[in-house]
Protein chains: 4
Amino acid sequence: MEIQAPFFAFNPKSYFYGEQLLALAKKADELAEKYPYMTIFVTAPYADLANIAKQTKHIIVTAQHMDGMEPGRGMGAVLPESIAAAGAGAVFLNHAERPLQLTELVSAIKKAKKLEMKTIVCANSIEEARSIALLKPDILLCEPTELIGTGKTSDEDYIQKTNQAIKEIDSEIFILQAAGISTPEDVYHTLQLGTDGTGCTSGITKAVSPEKTLGDMIEAVNQVYKESEGK
Amino acid sequence: MEIQAPFFAFNPKSYFYGEQLLALAKKADELAEKYPYMTIFVTAPYADLANIAKQTKHIIVTAQHMDGMEPGRGMGAVLPESIAAAGAGAVFLNHAERPLQLTELVSAIKKAKKLEMKTIVCANSIEEARSIALLKPDILLCEPTELIGTGKTSDEDYIQKTNQAIKEIDSEIFILQAAGISTPEDVYHTLQLGTDGTGCTSGITKAVSPEKTLGDMIEAVNQVYKESEGK
Amino acid sequence: MEIQAPFFAFNPKSYFYGEQLLALAKKADELAEKYPYMTIFVTAPYADLANIAKQTKHIIVTAQHMDGMEPGRGMGAVLPESIAAAGAGAVFLNHAERPLQLTELVSAIKKAKKLEMKTIVCANSIEEARSIALLKPDILLCEPTELIGTGKTSDEDYIQKTNQAIKEIDSEIFILQAAGISTPEDVYHTLQLGTDGTGCTSGITKAVSPEKTLGDMIEAVNQVYKESEGK
Amino acid sequence: MEIQAPFFAFNPKSYFYGEQLLALAKKADELAEKYPYMTIFVTAPYADLANIAKQTKHIIVTAQHMDGMEPGRGMGAVLPESIAAAGAGAVFLNHAERPLQLTELVSAIKKAKKLEMKTIVCANSIEEARSIALLKPDILLCEPTELIGTGKTSDEDYIQKTNQAIKEIDSEIFILQAAGISTPEDVYHTLQLGTDGTGCTSGITKAVSPEKTLGDMIEAVNQVYKESEGK
């Protein structure tokens with residue numbers, strides 16, 4: 001599945017698992033079918049990947065991390081082949097809650113390319129984003145660590161600087177801006193500031209109705225798409 | 001499922017995944033059904049746990065590690081609830097290839113008890129084993145790190161010292177000795193030296209026929225059981 | 001130097017270094033000379049150990065961590081022999097800001113004993129403290145992680161439970177309670193609750209006059225000593 | 001002190017400390033005085049930095065690692081200010097034995113620049129080297145991990161590819177090639193292949209006379225310098 005912008009990443013981290021997460025993934029899957037011009041990523045704990053992949057068709061089921069290793073010893077590691085076989089089509093790497101050594105990041109990106117998994121790589125400064133851009137991830141998420149979980153979104157100036165800094169290195173990399181997204185309005189505004197995609201964790205997991213909020217956020221992405229097509 | 005000794009742990013680490021691992025787990029499951037007085041553990045990469053659990057009944061599907069955390073942020077972590085919901089009935093902790101900080105180990109063991117998962121905790125010295133014994137794991141694997149993967153088994157003296165040191169602290173903890181097990185004969189001899197259980201990784205994963213070797217090893221466990229019953 | 005209770009640990013972590021830290025260490029040294037029945041530990045960044053050790057005589061210069069390794073490769077590690085040669089007479093291990101894998105902790109304690117350095121080992125739960133007690137550290141600091149830096153001290157009940165749990169395992173281990181010590185009064189009260197020693201970080205480093213607060217805290221230790229002798 | 005090529009890095013890691021290391025640092029210092037057009041780096045354990053810096057004048061005393069942090073909590077960390085105050089003029093970062101998360105590497109390089117310390121940053125693949133080059137280290141050491149400690153040097157082809165890949169990103173970065181340097185001849189040949197500097201660990205620490213071998217290697221650097229001047 002190729003990535004189509006604007007895209008949306010629902011990243012429930014370790015908040016949800018099992019049936020509750022499956023229900024949300026199915027909801028995202030319905031919307032992904034309805035809006036085929038928009039890519040929707042849904043992350044899941046490793047143990048949930050297979051089941052979600054089996055019961056959805058239109059979303060990209062995404063792992064929260066993997067190790068850039070070959071099959072072998074690695075007790076307790078996250079073997080790329082195992083998550084690819086389970087149906088993961090993408091993987092987050094270098095998230096602030098699971099940072100990678102640079103050497104590990106290089107090998108994890110290589111491994112993902114070999115297994116044809118998309119990579120969503122996180123940076124928490126513009127310098128870091130530029131270094132990562134040279135490694136040709138599919139998507140770069142550039143998020144000031146200090147904003148994670150605060151409900152404050154990155155401002156226009158930060159978003160434009162980031163876009164420019166990354167596209168200068170490699171114009172084909174998609175940019176994901178997701179800092180502080182907590183409402184459908186945040187989704188709409190952040191996309192309008194010129195990023196390729198956005199996403200959300202606690203804005204959905206802590207919502208009164210996670211399913212409704214997830215749906216409304218995806219509708220907000222669709223609205224941006226429609227308006228841009230209208231031009 | 002309660003642990004019954006002698007027991008056997010097939011721990012393919014990250015050597016196998018997907019269909020190949022499922023086939024071996026099914027083989028182990030048949031033997032676990034045939035020998036109901038013996039517990040068989042089969043570890044799997046996180047992403048394989050759900051599928052193996054769904055397609056087996058008599059083995060204890062075992063995770064290679066988990067984080068002692070609560071549902072929440074923890075991007076990329078191994079959420080205990082997610083592997084328990086996927087059907088894991090036990091978890092390895094503190095393996096030499098995935099060592100834990102003591103604080104993490106304490107919380108992971110607590111969490112496993114809460115979720116009613118069995119814990120197989122590794123130590124690589126007798127001092128370390130005694131400290132861990134105080135934390136009341138179900139099974140303690142005491143394996144001198146320098147023997148892992150060498151094909152050399154722990155000798156009688158080491159096994160007896162370990163048993164004594166651990167049982168002195170807590171006589172209810174099962175002891176697993178698996179250093180250097182590479183043939184069914186090693187399984188037989190190690191169990192005869194007075195350990196509660198044994199296990200194997202590369203002796204099976206690198207065998208000409210992993211399935212045959214797995215089967216022969218479990219038969220060797222059964223032979224020890226039969227002989228001990230005969231007395 | 002043998003440890004004499006009540007003792008006091010001034011642990012400026014990475015707040016101070018160079019001349020500023022040296023001046024405080026000299027102040028502590030004067031007081032240690034004045035009160036020879038009381039042990040005073042002063043921690044320092046690795047690079048400051050040698051200079052402080054050279055310019056003091058009565059305090060125990062203490063490293064904030066070390067690796068339980070032998071001389072050899074270990075680029076960037078903290079070689080125990082190097083800090084012992086620099087004059088460190090004690091070392092903190094397993095602090096919540098520098099937690100150790102259990103295997104590392106076992107080897108670091110062994111190494112400290114070999115080099116005749118005192119060990120101050122941190123635990124952040126009573127279970128963890130008991131496991132560590134089996135490893136025979138000189139001093140056990142049992143501090144609920146959630147209190148570090150909050151200015152709240154552990155209460156009487158917690159202190160007594162901790163004391164009892166540890167002394168049950170090994171009655172020769174000294175107990176350090178330092179959670180939330182921010183004033184000389186906290187020092188006085190915590191020692192009166194029956195701990196062997198106490199200590200302080202930010203209560204001193206963030207004081208208007210760190211030197212005065214350090215002095216006052218050590219005077220509070222002396223007062224407890226005097227009162228206990230008076231009995 | 002500005003870096004002058006060809007340069008030499010004597011990196012005894014954790015093999016030496018105290019008096020033995022001081023004697024070798026003094027020997028290097030004599031040669032650095034004799035050959036003022038050549039920079040000599042000598043690494044030391046953190047606790048040895050101050051003493052070596054005090055007793056030498058012409059070498060750049062170099063730390064084996066540091067954390068890119070500000071003064072504050074960081075118990076057990078390597079505070080940049082503390083090693084700079086002790087006299088370290090340079091720091092190795094991201095060595096294969098002490099790899100850094102990319103985020104940590106970004107902040108450590110920034111901090112070194114602020115403290116006017118030179119950075120020698122290690123990469124273990126050409127991709128990694130290019131990413132690091134964007135962060136503007138002073139020296140980049142690009143060394144295939146698999147050659148460390150083997151006594152095999154990188155070949156001409158590897159060296160030229162590395163040089164080209166890095167200089168393409170930033171032509172001002174010096175390049176250090178030190179894989180497998182074990183004799184003065186290796187020093188000579190590696191420098192002749194067109195690298196800016198070289199260095200050695202076990203070729204010196206395990207030599208019959210580390211002092212003689214250190215001296216001979218520096219003489220080999222001088223010979224390359226002389227020959228290049230002669231042209």
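This dialogue goes through the pairing of chain A and chain D in a predicted model.

Colleague: How are chain A and chain D related, and by what turn can one be laid on the other?

Modeller: In general, two copies of a chain are related by a rotation about an axis and a shift along it. Here chain A can be laid on chain D by a turn of 180 degrees with a shift of 0.0 Å along the axis, and the RMSD is 0.0 Å. That is the relation of a two-fold axis.

Colleague: Which residue of chain A comes closest to the rotation axis?

Modeller: That is Gln101(A), whose C-alpha lies at 1.8 Å from the axis.

Colleague: What area is buried between chain A and chain D, and which residues of chain A lose the most?

Modeller: The size of an interface is often given as the accessible area lost when the parts come together. Between chain A and chain D the buried area is about 1600 Å², and carbon and sulfur atoms give 62% of that area. On the side of chain A, Leu102(A), Ser131(A) and Leu134(A) lose the most area to chain D, together accounting for 35% of what that side buries. The contact involves 18 residues of chain A and 18 residues of chain D, and the copies meet through the same surface, because 100% of the interface residues of chain A are also interface residues in chain D.

Colleague: How many salt bridges cross this interface, and which elements of chain A supply its residues?

Modeller: There are two salt bridges across the interface of chain A and chain D, including one in which the side chains of Glu127(A) and Lys110(D) meet at 2.9 Å, N to O. As for elements, α4 (102-114) and α5 (126-133) of chain A each supply at least two residues of the side that touches chain D, and the residues of that side divide into nine nonpolar, five polar and four charged.

Conventions:
Residues are numbered from 1 along each chain as its sequence is written. Chains are lettered from A and ligands numbered from 1 in the order in which they are written. This is a predicted model: local features need pLDDT of at least 70, side-chain atom pairs count only at pLDDT 80 or more; totals for chains, interfaces and linings use all residues. Side-chain values use heavy atoms; hydrogens and water are left out. Copies are superposed by least squares on the C-alpha atoms of residues with pLDDT of at least 70 in both. Contact means heavy atoms within 4.5 Å. Buried area is the accessible area (1.4 Å probe) that two parts lose on being put together, summed over both. A salt bridge is a side-chain nitrogen of Lys or Arg within 4 Å of a carboxyl oxygen of Asp or Glu. Helices (H or I, at least four residues) and strands (E, at least two) are DSSP runs, numbered from the N terminus. Ala, Val, Leu, Ile, Met, Phe, Trp, Tyr, Cys and Pro count as nonpolar, Asp, Glu, Lys and Arg as charged, and the others, Gly among them, as polar.
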